[in-house]
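Here's a quick briefing to read with the structure open in your viewer. Have a look at it first, then work through the notes by topic.

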2 protein chains.
Amino acid sequence: MHEPMQRPDWIALDWGAARLRAWLMRADGSVIDTRLARAGADEPGAVGVEPALLALVADALGDDGGSGQPVPVLCCGLAGARQAVPFVAVPAPPPSSQAAVRIETRDPRLDLRALPGMKQDSPADVMQGEGTIVAGALAVQPGFDGVFCLPGEQTRWVHVSAGEIVSFRTFMTGELFALLSRHSVLRHHVGDGTGWDGAAFDAGVGDAMARPQRIGAALFGIRAAGLLQGLSSGAARARLSGLLIGLELAGSRPHWLGQDIRVLGTGGLARAYRAALSAQAASVQTMDADDLTLRGLRAAYEGTTG
Amino acid sequence: MHEPMQRPDWIALDWGAARLRAWLMRADGSVIDTRLARAGADEPGAVGVEPALLALVADALGDDGGSGQPVPVLCCGLAGARQAVPFVAVPAPPPSSQAAVRIETRDPRLDLRALPGMKQDSPADVMQGEGTIVAGALAVQPGFDGVFCLPGEQTRWVHVSAGEIVSFRTFMTGELFALLSRHSVLRHHVGDGTGWDGAAFDAGVGDAMARPQRIGAALFGIRAAGLLQGLSSGAARARLSGLLIGLELAGSRPHWLGQDIRVLGTGGLARAYRAALSAQAASVQTMDADDLTLRGLRAAYEGTTG
């Protein structure tokens with residue numbers, strides 16, 4: 001038999017569209033265990049977060065017969081949207097646990113609370129979970145003044161000053177790439193994702209920044225170049241990525257020009273943003289985003305963002 | 001019993017991604033009968049066009065025991081791509097039957113030929129079938145000098161002068177609209193397609209033309225406005241359409257500015273393009289595109305485009 005799991009003092013929970021991540025935490029901020037469940041987009045929302053959460057952590061909650069204290073669970077991400085948690089308007093610091101809203105559970109061993117998303121009234125914009133990643137970055141670099149770039153299905157440009165999120169802007173770049181590469185007429189050309197052509201990426205960035213208004217034609221041009229000029233699938237994929245990131249950099253220029261930029265991310269996408277920004281002579285560094293969500297949840301739980 | 005079907009002198013065939021249309025023709029250009037088959041995208045390509053064609057017209061071919069003359073079938077659209085028919089480079093008149101390439105059939109009653117697509121080397125571009133629609137428009141308005149706008153999954157801007165297609169440019173606007181409205185995070189906001197808000201469309205066109213580089217943020221703004229401001233699904237859908245068409249008009253301006261424009265299409269999409277172009281003080285009329293494909297196939301068969 002395994003040694004019984006130590007009961008966590010609290011649980012950090014990241015409810016994403018495609019996965020649920022839970023960290024079993026001690027009061028001193030150290031991690032007992034990490035749990036991960038993949039889920040189809042919207043799936044936790046459809047069945048409710050409680051069954052998905054229990055499937056991940058029930059073994060660690062113990063059996064207190066309802067007589068003990070429930071385990072606090074602090075959640076960021078999509079839970080807020082499902083539970084109609086009011087958004088916090090910017091400018092504001094990233095939400096702390098004081099702003100969290102209780103989510104009803106049947107299991108008395110859980111005290112589940114969701115951090116609110118953040119909103120901007122003009123131009124209208126929303127984000128959920130990204131405020132917590134920013135809190136994590138601020139815990140690593142207290143006093144940072146500049147712009148965080150958070151690439152993903154949507155990319156967020158978040159302007160931070162004096163510990164507050166001053167403004168932010170969301171671009172649908174990642175989702176456009178996914179839709180075009182998987183479902184459009186270009187899917188026959190961009191292949192399965194192996195191979196990368198840095199020169200084709202750079203050329204795509206440059207073309208889109210020079211003529212962003214022609215993006216709809218430049219995209220179809222990938223198909224034409226495949227049919228007429230034998231453009232390879234690796235080059236086609238890199239060009240597609242370059243065109244869409246270049247389009248975004250043209251549109252987000254007011255957010256990053258002259259700013260100190262931190263790209264929060266891992267892997268190829270973060271490298272692509274950094275390469276494209278560096279080519280624009282921007283001051284940019286990458287911060288590995290892997291544990292920034294946990295750091296942000298911990299900062300929110302402790303009521304401080306550094 | 002029905003009277004036996006008159007054997008057609010030839011058959012006009014439009015092989016689209018989603019449907020196959022056949023017209024049974026007399027030598028004098030009049031129509032005996034029209035046939036239509038819906039097919040999933042790529043379906044005729046997967047099974048080959050011959051079974052799909054026979055399912056549509058076999059009853060009209062008679063039973064000549066292989067001794068009689070085959071019925072000529074002239075096909076425009078996707079057949080060329082499957083059969084590696086060489087593209088015709090612009091500038092050139094729309095392809096006539098002299099440029100058609102024979103497609104092998106098992107059934108001896110068929111003499112199937114496919115019209116080639118057209119290509120442009122710089123900027124690289126291709127179109128298949130649209131050249132035939134242009135031929136049809138030129139049969140209706142011989143001597144037209146200006147720009148044809150053909151909205152659809154892809155929108156083509158085709159510059160015509162002295163009976164020749166001088167240049168053309170393809171924009172992926174229609175496909176972007178379909179992907180974003182059906183598969184993106186915006187699908188929850190744009191609803192099922194009922195309702196239309198003309199003011200939201202106009203505002204979308206204006207916003208995208210003024211700041212085309214910010215399209216990625218403007219698109220996500222539809223979601224934000226839905227969550228924060230209660231934007232209706234009809235307004236969201238019209239705004240999405242307006243943003244994408246406005247982006248295209250910003251990018252295609254060199255093609256249409258100062259030109260005499262004919263939008264070839266039917267229904268709401270053609271009306272939307274006409275409204276957006278008219279708001280830019282462009283000289284624009286709509287030509288009903290319903291029978292322009294048949295007119296184009298007839299013009300190609302007869303070896304003249306008027």
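The lining of the largest cavity is made up of 12 nonpolar residues, with no polar and no charged ones. Keep in mind that this is a predicted model, so every value here is computed from the predicted coordinates. The notes below start with the cavities, then move on to how the chains relate and to a few local spots.

**Cavities**

- Four cavities of 30 Å³ or more turn up in the structure.
- The largest cavity comes out at about 80 Å³.
- Both chains contribute to its wall: from chain A there are L176(A), L180(A), I215(A), L219(A), L244(A) and L247(A), and from chain B there are L176(B), L180(B), I215(B), L219(B), L244(B) and L247(B).
- In terms of helices, α5 (173-183), α8 (215-229) and α9 (233-256) of chain A, along with α5 (173-183), α8 (215-229) and α9 (233-256) of chain B, each put at least two residues into that lining.
- The second largest cavity has a volume of about 40 Å³.
- Its lining consists of P95(A), P116(A), G117(A), M118(A), M127(A), Q128(A), G129(A), G131(A) and T132(A).
- By class, that second lining splits into four nonpolar and five polar residues, with no charged ones.

**How the two chains relate**

- Chain A lands on chain B after a rotation of 180 degrees with 0.0 Å of shift along the axis, at an RMSD of 0.0 Å.
- That is the relation of a two-fold axis.
- Of the interface residues of chain A, 98% are also interface residues in chain B, so the copies meet through the same surface.

**Helix α11 of chain A and T293(A)**

- Helix α11 of chain A covers residues 292-302, and its buried residues are L292(A), T293(A), L294(A), G296(A), L297(A), A299(A) and A300(A).
- Just after α11(A), G303(A) adopts a positive phi of about 75 degrees.
- Why does T293(A) count as buried? Its relative accessibility is 4%, and the cut-off for buried is under 20%.
- Setting aside neighbours within four places in sequence, T293(A) contacts D14(A), R21(A), W23(A), C76(A), T132(A) and I133(A).
- One of those contacts, T132(A), also belongs to the lining of the second largest cavity.

**Strand β7 of chain B**

- Four of the five residues in strand β7 (residues 110-114) of chain B are buried, so the strand is mostly covered.
- With strand β4 (residues 71-77) of chain B, β7(B) pairs in the parallel sense over five bridges.
- C75(B) has A114(B) as its bridge partner in β7(B).
- With strand β6 (residues 101-102) of chain B, β7(B) pairs in the antiparallel sense over two bridges.
- Here R102(B) has R113(B) as its bridge partner in β7(B).

**S167(A) in strand β12**

- S167(A) sits in strand β12 (residues 164-171) of chain A.
- S167(A) counts as partly exposed because its relative accessibility is 24%, which falls between the 20% and 50% cut-offs.
- How far apart in space are S167(A) and K119(A), C-alpha to C-alpha? They are 9.1 Å apart, with their positions 48 residues apart in sequence.
- Not counting residues up to four places away in sequence, S167(A) touches V90(A), Q120(A), W157(A), V158(A) and H159(A).

Definitions and conventions
Residues are numbered from 1 along each chain as its sequence is written. Chains are lettered from A and ligands numbered from 1 in the order in which they are written. This is a predicted model: local features need pLDDT of at least 70, side-chain atom pairs count only at pLDDT 80 or more; totals for chains, interfaces and linings use all residues. Side-chain values use heavy atoms; hydrogens and water are left out. Buried means under 20% relative accessible area, exposed over 50%, partly exposed in between (1.4 Å probe, protein chains only). Copies are superposed by least squares on the C-alpha atoms of residues with pLDDT of at least 70 in both. Contact means heavy atoms within 4.5 Å. On a 1 Å grid over the protein atoms alone, a cavity is a set of points where a 1.4 Å probe fits but cannot get out, and a pocket is an open set with protein on both sides within 12 Å along at least five of seven lines; lining residues have an atom within 4 Å of a point. Grid points are joined across faces, edges and corners, and a volume is the space filled by probe spheres set on the points. Ala, Val, Leu, Ile, Met, Phe, Trp, Tyr, Cys and Pro count as nonpolar, Asp, Glu, Lys and Arg as charged, and the others, Gly among them, as polar. Two strands pair if DSSP finds at least two bridges between them.
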